[in-house]
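Visitor: Could you take me through a close look at how the helices pack in this model? I would enjoy one connected tour, with the residues named as we go.

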Amino acid sequence: MTRPRVVIAGLGDSGVLTAIRLAKHADVVGVSVKPALVSGQELGLRLSRPQQWARDYWLPFDRFPRLDAVRTVHGAVSGVDLDGRTLTVACADGVSRDEPYDALIIATGVSNGFWRRPTMQSAGDVAAELTAAHARLATAGSVIVVGGGAAAVSSAANIARTWPAKRVDLYFPGPRPLREHHPRVWRTVEGRLLDARVGLHPDHRALVPEGFGCDRITDDPVRWSTGQDPAAADAVLWAIGKVRPNTDWLPTELLDDAGFVRVSADLRAPGHPTVFAIGDVAATDPLRSSARNRADGLLASNVRAALTGKPLRHYRPPTRRWGSVLGAQPEGLEVFAPSGRAFRFPAWSIERVLYPWIVRRGIYRGVRPNDPLKTARID
């Protein structure tokens with residue numbers, strides 16, 4: 001029997017995990033603008049300790065044994081023929097090619113600041129970008145972080161802890177950050193920020209300069225629509241959640257008013273029984289939570305069910321964000337449940353248990369050791 005052909009547009013966190021789940025059951029093709037899994041997670045760690053971040057969040061595809069059977073295409077999706085079931089890809093070598101599919105999974109994610117963009121990159125490009133952002137902050141005597149989400153909070157905390165001599169200030173709209181988390185989370189994290197001597201400035205809503213996409217670290221004064229005096233620092237990191245879905249290549253019939261992919265509870269695009277979406281690009285719920293709640297297993301099961309005429313299961317999103325906020329710290333990793341209560345992985349367990357057993361073996365089903373000869377240098 002001929003195996004079904006599944007094409008996954010986007011090999012970020014959600015796309016890679018879904019490909020791993022499907023590789024045994026279908027001929028899987030994954031399309032990615034990066035030559036590796038370059039995660040959008042843990043911005044604070046990425047900026048302050050890029051070598052440590054790269055070890056765990058920048059993984060070449062050939063390090064995943066479960067992706068050996070997956071054909072990866074280094075390119076950008078430029079269009080889709082829904083009736084003909086064909087995806088068009090502009091490859092990194094300049095050649096355009098068509099990829100036919102029996103099922104299509106849209107996992108192209110979102111653009112959000114300079115750390116999450118759908119730009120074609122080589123391994124050297126990724127390394128240069130990591131190095132440049134880290135160097136920019138390392139040489140700054142003072143840093144302003146603008147934003148109220150986990151990326152902003154994590155960045156402020158990690159920058160302050162990595163360079164304790166810097167003045168670091170966090171400006172956020174409203175009385176507290178992390179408004180999509182349980183209030184208990186902020187009560188805990190606030191103490192961590194104060195311990196790191198981060199200046200906290202509530203009720204500051206930034207005026208975003210016209211035409212500015214929050215795609216670089218700046219040094220211009222920040223002005224506020226809430227009436228406060230401008231604030232200035234040597235480096236300004238914009239982490240205001242100015243999210244744009246990477247869906248320019250899709251027909252509007254698949255999209256909601258904000259440009260995200262409309263999906264039913266089974267993660268299928270309405271009216272297209274073999275087109276699915278997952279991750280930040282999928283309009284599953286107000287938090288678009290399938291990116292952070294291991295929906296890859298359910299999606300892989302539903303793809304197989306749709307191709308064999310079996311019933312599909314529904315995705316049930318949580319009502320609050322959960323997980324780590326600050327990332328791994330020298331004293332351990334703090335993870336928050338949806339209830340806001342925290343549990344801690346002690347420092348010794350991160351390298352001995354969490355990453356080797358829970359992440360690499362449990363989630364990714366195995367990760368090969370890094371090959372230093374293939375790794376781009378991060379200064």
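Guide: Happily! In this predicted model, helix α1, residues 13-22, and helix α7, residues 296-308, have axes that come within 9 Å and cross at roughly 50 degrees. The two helices are therefore oblique to each other, and their crossing is right-handed. On the α1 side, the residues that meet α7 are L17, T18, R21 and L22. Their partners in α7 are D296, G297, L299, A300, V303 and R304. Sorted by class, the residues of this contact come to 5 nonpolar, 2 polar and 3 charged.

Now let us move to another pair of helices, α3 and α8. Helix α3 covers 50-57 and helix α8 covers 347-363. Their axes come within 12 Å and cross at roughly 40 degrees. With an angle like that, α3 is oblique to α8. Here R55, D56 and Y57 from α3 meet E351, Y355 and R360 from α8. The residues of this contact divide into 2 nonpolar and 4 charged, with no polar ones.

Keep that pair in view, please, for the next stop is a cavity. How many cavities of 30 Å³ or more does the count give? The count comes to 1. As for volume, the largest cavity has about 50 Å³. Its lining is made up of R55, D56, L59, Y355, V359, R360 and Y364. You will recognise some of these names: R55, D56, Y355 and R360 also take part in the contact of α3 with α8. Both helices, α3 and α8, supply at least two residues each to the lining of the largest cavity. The largest share, 3 residues, comes from α8. By class, this lining has 4 nonpolar and 3 charged residues, and no polar ones.

Before we finish, let me point you to a strand. D98 sits in strand β7, which runs over residues 96-100. Once its neighbours within four places in sequence are set aside, D98 is in contact with T86, L87 and T88. For a sense of distance, take D98 and A127: they are 29 residues apart in sequence, and their C-alpha atoms are 30 Å apart in space.

To look back over the helices, then: α1 and α7 cross at roughly 50 degrees, while α3 and α8 cross at roughly 40 degrees.

Note on methods: Residues numbered from 1 in each chain as written. Predicted model: local features only at pLDDT ≥ 70, side-chain atom pairs only at ≥ 80, totals over all residues. Heavy atoms only, no water. Axes fitted to C-alpha atoms, helices over the stretch in contact; angles between N-to-C directions. Helix = DSSP H or I, 4+ residues; strand = E, 2+ residues; numbered from the N terminus. Parallel < 35°, antiparallel > 145°, perpendicular 65-115°, else oblique. Left-handed = near helix turned anticlockwise from the far one by under 90°. Contact = heavy atoms within 4.5 Å. Nonpolar A, V, L, I, M, F, W, Y, C, P; charged D, E, K, R; others polar. 1 Å grid on protein atoms, 1.4 Å probe; cavity = no way out; pocket = protein on both sides within 12 Å on 5 of 7 lines; lining within 4 Å. Points joined across faces, edges and corners; volume = space filled by probe spheres on them.
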